[in-house]
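Open the model in your viewer and keep the selection panel handy. We will go from stop to stop, picking residues and looking at what surrounds them.

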Amino acid sequence: MILKRYFSTTGLLFGIFFFALSMTPSLLPRTDLFQGLISGLSLSAGYAIGVLVIWFWNYFQLPKLKEKSQTIVQLIVAIAGLFTSIFFLWKASDWQNSLHVLMEMEEVASVQPIIVGVVTILVFLITVLLARLFRWTYRLLTRKLQRFVPRRVSYIVGLIASFFLFWSIIDGVLFSFILRTADTTYEQIDSLIEPEVEKPLDSMKAGSAESFLRWEDMGRKGRSFLFGVTTTDELEAFTTTPVKEPIRVYVGMHAADSFEKRAVLALEELKRINAFDRKILVIITPTGTGWVDPSSIAPLEHLHHGDVASVAAQYSYLPSPLSLLAEDEYGADMARALFQEVYGYWTQLPENERPKLYLHGLSLGALNSDRSYDLYDIIDDPFHGVFWVGPPFRKDTWRTITNRRNPDSPAWLPSFRNGSVVRFANQHGGLQTGDAPWGSFRIAYLQYASDPITFFEPRSSTRMPEWMSEPRGPDVSEYFRWVPFVTMFQLSVDMISGTEPKGYGHEYAAKHYFDSWLALTEPKGWSDEELERLRKYFSEEFYN
């Protein structure tokens, strides 16, 4: 009786079925807390659909069941919904464990219904409260407007004004508060100098006393990147070929007050330590926090016996999702400025004396790396290629290539034309083969079918994504089913859950970087036995 008084019975019935369907697996395993978040959003979406159905029913004055018949139908549907929810909640553990087995994780005992239930109810009540606050605002504005404009005009103007008011509060107050708080917090974290990360004493290293770049200005992620450079001892453990210690350069946000100045500092430092004398030069665009995955660059340094120089420039210290909201263009501006400086100098060098030049980026770094150059600016003197990992779904080049892929290839591992320019890889490779030999300019993607950062689709609320069609990716559950709205909530939470192990989802493993760099750059001087030993090292010991 209380529920009927304060809530729509039909809305609750729709919501219960959406709640049950939210228990089905998605791309990644999830904790009880995240399951509750998904279930709460799904319950809210189902409730909204139910309320909307009743509103349209009444609006068009369709016939209604008698009160007694309504009660019977609602009781039957409620019982069916209750048993469906219990069954799906019971099956949830099996579904989650199917993902754990697929990703070689330990199985979970069971889903905790109390945690899931409490979080679900809280999310649902908050959503309903916000919806009713919006409705109250809309009605208030409509009544006020009817004093000055016709009734039907007041409905439209009131609705637009309510949306504008709510968005102004969310964007101008809530988001601003979150971003200001996060900005202050992460700036302090970025400034921390960890005692085990020592300032280099070698004058030919970035961050040393003789460097153009101060150690203190590099930021926490930058210092970690420089300190973790592959040593000659590590290189010599796998080869008898003479080796060099790799060169790494990193420019922090505090190095200069503009991205143009930071790009100039990066170039001057590269020139100072003779980075252009190396065989390979890589321009790395880091993630939002300024992080460069050590698993991504170390395999390349090993494969080319240390004859590698890499440079990165920080554009934010916020996590990638927040950086994407707050500093979307700033990351692209920093990447573009660095590319223009390095590429501009590189083109002035004799072709037979300059290093092979590659671009590299992971996640948000891949997005901004893609934005760093214009094809028309480099077509007369192209660099050698790009290696983009876990590209976000917003990445223009990736989306265009995927949409225009060869029709016999799946969306999660496309083949593009004859493979002479663009190739895709996953856990099982893919860059080694193509219908035509790989050309001098190469675009390589590494992506897992279970990566929600790559395969999230806003339109998944109303239509099934192509990558869910058969055949599916090797790391996507056979039990994953498309459900309107629910699938979008599941994928949204997958993007922030971060519960997957290396080699799945958005956690890229060193062994897959290794195979990709091997195929992309084709290093010489390695026997099959040496390569297999090195691959085993990256598979079993290195950063895993």
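Select Gln61 to begin: this residue follows helix H3, and its phi is positive, near 50°. This is a predicted model, so treat each stop on the tour as a feature of a prediction.

Now extend the selection back over H3 itself, residues 32-59. At 1.5 Å a residue, its 28 residues should span 40 Å, and the end C-alpha atoms are 40 Å apart, so the helix agrees with expectation.

For a second helix to check with the distance tool, pick H5, residues 113-145. Its 33 residues should cover 48 Å at 1.5 Å each; the C-alpha atoms at the two ends are 47 Å apart, which agrees. Which residues of H5 are buried? Show side chains for Val116, Val119, Thr120, Val123, Phe124, Val128, Phe134, Thr137 and Thr142.

Next, turn to the nonpolar interior. The largest nonpolar core has 108 residues, and Tyr373, Phe383 and Trp467 touch the most other members. Apart from that core lies another, of 14 residues, among them Phe19, Ala20, Val111 and Phe124. You have already met Phe124 as one of the buried residues of H5.

Go back to Trp467 and display its surroundings. Leaving aside neighbours within four places in sequence, Trp467 is in contact with Leu27, Ala411, Trp412, Phe455, Glu457, Arg472, Phe480 and Leu491.

Move on to Ser296, in helix H10 (residues 294-303). Is this serine buried or exposed? Ser296 counts as buried because its relative accessibility is 1%. A polar atom of the Ser296 side chain lies 2.6 Å from the backbone oxygen of Asp293. Beyond residues up to four places away in sequence, Ser296 touches His360, Tyr513 and Trp517.

For a contrast, select Asp277, in the loop between helix H9 (259-272) and strand S2 (280-285). Asp277 counts as exposed, because its relative accessibility is 56%. Draw a line from the C-alpha atom of Asp277 to that of Trp55: the two are separated by 72 Å, and the residues are 222 apart along the chain.

The last part of the tour is about charge. Side chains of opposite charge can pair when their charged atoms come close. A search of the whole structure finds 19 salt bridges, and three stops will show you some of them.

- Select Lys244 and Asp307, whose closest N and O atoms are 3.6 Å apart in a salt bridge. Lys244 lies in the loop between helix H8 (232-236) and strand S1 (247-251), and Asp307 in the loop between H10 and strand S3 (308-313), so the pair ties together parts that are 63 residues apart in sequence. Lys244 is partly exposed, with a relative accessible area of 39%, whereas Asp307 is buried, at 15%.
- Select Glu268 and Lys271, a salt bridge with its closest N and O atoms 3.4 Å apart. Both residues lie in helix H9, 3 residues apart, about one turn of the helix. Glu268 is partly exposed at 31% relative accessibility, and Lys271 is also partly exposed, at 31%.
- Select Arg214 and Asp217, whose side chains meet in a salt bridge (2.8 Å, N to O). Arg214 counts as partly exposed at 47% relative accessibility, while Asp217 counts as buried at 15%. Add Glu216 to the selection to finish: Arg214, Glu216 and Asp217 are linked in a network of salt bridges.

Technical notes. Residues numbered from 1 in each chain as written. Predicted model: local features only at pLDDT ≥ 70, side-chain atom pairs only at ≥ 80, totals over all residues. Heavy atoms only, no water. Core = buried A, V, L, I, M, F, W, Y, C linked by side-chain atoms within 4.5 Å. Buried < 20%, exposed > 50% of the residue type's maximum accessible area, 1.4 Å probe, protein only. Contact = heavy atoms within 4.5 Å. Helix = DSSP H or I, 4+ residues; strand = E, 2+ residues; numbered from the N terminus. Expected span 1.5 Å × (residues − 1). Polar contact = N/O pair within 3.5 Å; in protein donor to acceptor, adjacent residues only side chain to side chain. Salt bridge = Lys/Arg side-chain N within 4 Å of Asp/Glu carboxyl O.
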